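Please look over the sequence and the model shown below before reading on. The report that follows moves from a single residue to the whole chain, and then to a helix and an internal space.

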Amino acid sequence: MNLFAPILNQMIFLFAFIVIGFVLARGNFVPENSAAVLSKLESFVFVPALVMGTFIKNCNVDVLDTMWKILVLGGGSVLVCILLAIPLSKLCFKEAYLRKMATYGLAFSNFGFMGNAIVLGVFGEAMFFEYTVFTLPFWAAIYAWGAPVLLIAGASGDERKIPLGERLKSFINPMLIGMVIGLVIGLSGLKLPGAVISVIDVAGDCMSPVAMLLTGMTIGRLDVLALLRKGRLYLTTAVKLLIYPLVFFGIFLLLPKNSFFTDTFFKCAMCVASMPMGLNTIVIPAAYGKDTTDAAGLALVSHVLSILTIPLAFMLLQKFIL
């Protein structure tokens, strides 16, 4: 399968919605709180529906043996991403707060909204099921360490240890609830009414375009020209979009060819590794009154450049591994 063309087409498709969102926000065609509304719709409706529907259709007793293997691979991958992010962030920023922001951005990219859209658009629902399982350790690391320690504590200036109870509360979220419901229904073989399945499917189909509109609206409220003049943003973006895929490429070279590792693991890990910076580095610190200029700049530059780097990353792996 030639991955370059379909992934490039998917990137163009997604970027078109980013541009639409950017124009809507920049031209004040939508209210100021539109991005916040879309974010809530994504978090509470569209993403949970997509995950639930995927698990209902693809989760059965036969795949349980494969699921734990994917979870282990995802756990190893998030560990690699974090171990890379901590020293590399020090090369990009000297200020403590910005270093924590960069650590989060490098370790936890936009593997959710954009990663989901690419996997779903290029590889289909069966692969999206495996990708969702693969990224569960990433979500766990975000809830337990990334968001509370790097973004919330870093942005608020409160360096106290966050109680375990507060961290555990974040695990009870709509996406996880949707996954559990889908898992139970899929494993039980329960047949839902056609109308219910249609509602879940249509809501899930909204995830990708709405996520990209949200990205465009968030960037559209920024001073783009001022952001593009910050040189260290390009350094950090190069680290994220070039070094991370190359590191995982090196890992792939050590794995046996034509196996589970070079199929599922290759697609899932490379998708996570090659994604641009996520939007949490903007949203969470902004809630604490922090300057999010650098974080917004990273989101802007990395999303634009990823249009080329993501297809190239997959083309490289396909040429030398598959």
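Leaving aside its neighbours within four places in sequence, which residues is Thr236 in contact with? In this predicted model, once those sequence neighbours are set aside, Thr236 is in contact with Cys92, Phe93, Leu106, Met277 and Leu298. Thr236 has its place in helix 12, which covers residues 231-253. Because the relative accessibility of Thr236 is 0%, and buried means under 20%, this residue counts as buried.

**The whole chain**

The secondary structure of the chain comes to 15 helices and zero strands. Of the 322 residues in the chain, 52% are buried. Among contacts with a separation of 6 or more, 86% are accounted for by residues 24 or more positions apart. A compact globule of 322 residues would have a radius of gyration near 20 Å, and the chain has 19 Å, so the two values agree. Taken along the principal axes, the box that the C-alpha atoms of the chain fill is roughly 50 × 45 × 45 Å.

**Helix 1**

Does the span of helix 1 agree or disagree with what its number of residues leads one to expect? Helix 1 runs over residues 4-26 and has 23 residues, which at 1.5 Å a residue should span 33 Å; because its end C-alpha atoms lie 32 Å apart, the span agrees with this expectation. The buried residues of this helix are Ile7, Gln10, Met11, Leu14, Ile18, Gly21 and Ala25. After helix 1 comes Asn28, a residue whose phi is positive, near 55°.

The two comparisons made so far can be set side by side.

| Item | Expected value | Value in the model |
|---|---|---|
| Radius of gyration of the chain | near 20 Å | 19 Å |
| Span of helix 1 | 33 Å | 32 Å |

**The cavity**

The structure holds one cavity of 30 Å³ or more, and about 70 Å³ of space lies in the largest cavity. Which residues line the largest cavity? Its lining is made by Val47, Val51, Phe111, Gly112, Asn116, Phe128, Thr132, Thr135, Trp139 and Met175. Two elements, helix 2 (34-58) and helix 6 (125-156), give two or more residues each to this lining, and the largest share, four residues, comes from helix 6. By kind, the lining residues of the largest cavity divide into six nonpolar, four polar and no charged.

Terms used. Residues are numbered from 1 along each chain as its sequence is written. This is a predicted model: local features need pLDDT of at least 70, side-chain atom pairs count only at pLDDT 80 or more; totals for chains, interfaces and linings use all residues. Side-chain values use heavy atoms; hydrogens and water are left out. On a 1 Å grid over the protein atoms alone, a cavity is a set of points where a 1.4 Å probe fits but cannot get out, and a pocket is an open set with protein on both sides within 12 Å along at least five of seven lines; lining residues have an atom within 4 Å of a point. Grid points are joined across faces, edges and corners, and a volume is the space filled by probe spheres set on the points. Ala, Val, Leu, Ile, Met, Phe, Trp, Tyr, Cys and Pro count as nonpolar, Asp, Glu, Lys and Arg as charged, and the others, Gly among them, as polar. The expected span of a helix is 1.5 Å times one less than its number of residues. Buried means under 20% relative accessible area, exposed over 50%, partly exposed in between (1.4 Å probe, protein chains only). The radius of gyration is taken over C-alpha atoms; the globule rule is 2.2 Å times the number of residues to the power 0.38. Contact means heavy atoms within 4.5 Å.
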